[in-house]
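Me: I'd love a close look at one part of this protein, with a little of the whole chain for background. Could you walk me through it in one go?

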Amino acid sequence: MSQPRPDGLGVARPIPLFERLIVESQANCNRACWFCPRTYDRSGKYLDSEGDAVQHRMPTDAILHLLDQARALGFAGLVGFHHYSEPLLDDRNIPLAWEARNRGMAPYLHTNGDVLRRDDALCREVARVYDHVVVGLYDYDTREELEEAKREWRIQLADVKLEFSPIGRASARLVPSLVAPRALVPFDSRMACPDLIFVNAPCHRPLVRMIVQHDGEMAHCCEDLAGAFSLGNVHRDSIESLWYSERHVRIVKDLVAGRREGYPLCQVCPLPPTGGRPDGGKIVMLPRPRTAAAPSGSLA
């Protein structure tokens, strides 16, 4: 664990300030991808007990208040308006990105591209406000189809820093694909790496991003779909008090040290370690239990 360092205001803090801020503006997505945890959700966070999409938007004034709070902390990093949702389904996305930019932050877009496709006017708006765009490519069966999709997007979004998240329909052994096992997703042969857990491995991921879900709940990391860590809600507390809360700081320090035993979701997380153990010890790797990919609420 690195030594405490000052935040943007020069105040010593027990952990660094987040590098990215994710404020999920709404809950919906137009896809049900086999590799996405929301597809298997029945917690009511994204899908209800019948599997129907939850339709909910965070109030605009609440989002702007979060941006103001982040600016007051000295934050000037990347801001996204997604989590397990498609941000461009929200007609406020472009204005919200401008609000972040006007506060000295760098808005970035992570999209499946469906709303943008064949909408040249929206592409121009995206290019004006977003410097950094990640497009998910999910509809290719061959390497040639993947390269053609990339070429088309480079033409359509020629003026932005463009990255791709390619996950093909075929086996990862046949075509390039970045898909990795997820804690709340059943294993599939199309995944690109073994389905393992890392019993005592350090994880620094919760230090990188502060994730606020559409209902205001603070999520622990990208694996935390249903608020399994009970970190609090921005409608009740400030982002400063949530980020630097005793509970959040303790969880972060435990995970950086590889102490996963108190956190059920972390115990079944198949994402690879983010570094070696501080004590120089060996990281224990085991096959992920087949019961791990359960509905997200059961792991809370």
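How many helices and strands does the secondary structure of the protein chain come to? Then please take me to helix α2: which of its residues are buried, and what covers them?

Reply: Happy to. This is a predicted model, in which local features need pLDDT of at least 70 and side-chain atom pairs count only at pLDDT 80 or more, while totals for chains, interfaces and linings use all residues. Residues are numbered from 1 along each chain as its sequence is written, and side-chain values use heavy atoms, without hydrogens or water.

The protein chain has eight helices and nine strands (DSSP runs numbered from the N terminus, H or I of at least four residues for helices and E of at least two for strands). Its radius of gyration is 19 Å, close to the 19 Å that the globule rule gives for 300 residues, so the chain is as compact as a globular protein of that length (C-alpha atoms; the rule is 2.2 Å times the number of residues to the power 0.38). Along the principal axes, the C-alpha trace spans about 50 × 45 × 40 Å. Of the 300 residues, 53% are buried (under 20% relative accessible area, with exposed over 50% and partly exposed in between; 1.4 Å probe, protein chains only). Taking contacts between residues at least 6 apart in sequence, 71% join residues at least 24 apart (contact means heavy atoms within 4.5 Å).

Now to your helix. α2 covers residues 93–102, and its buried residues are Asn93, Ile94, Leu96, Ala97 and Ala100. They sit on the same side of α2, because they cover an arc of only 160° around the axis (judged by the directions from the helix axis to the C-beta atoms). Among the elements that cover these buried residues are two helices, α1 (60–72) and α3 (120–129), and two strands, β2 (78–80) and β3 (106–111). Just after α2 comes Gly104, with a positive phi of about 85°.

It is worth following one of those neighbours, α3. Here Leu122, Cys123, Val126 and Val129 are buried. Their arc around the axis is only 140°, which puts them on the same side of α3. The cover over them includes α2 and β3, together with β4 (132–137) and α4 (143–156). To put the two helices side by side: α3 helps cover the buried residues of α2, and α2 helps cover those of α3. Strand β3 is part of the cover for α2 and also part of the cover for α3.
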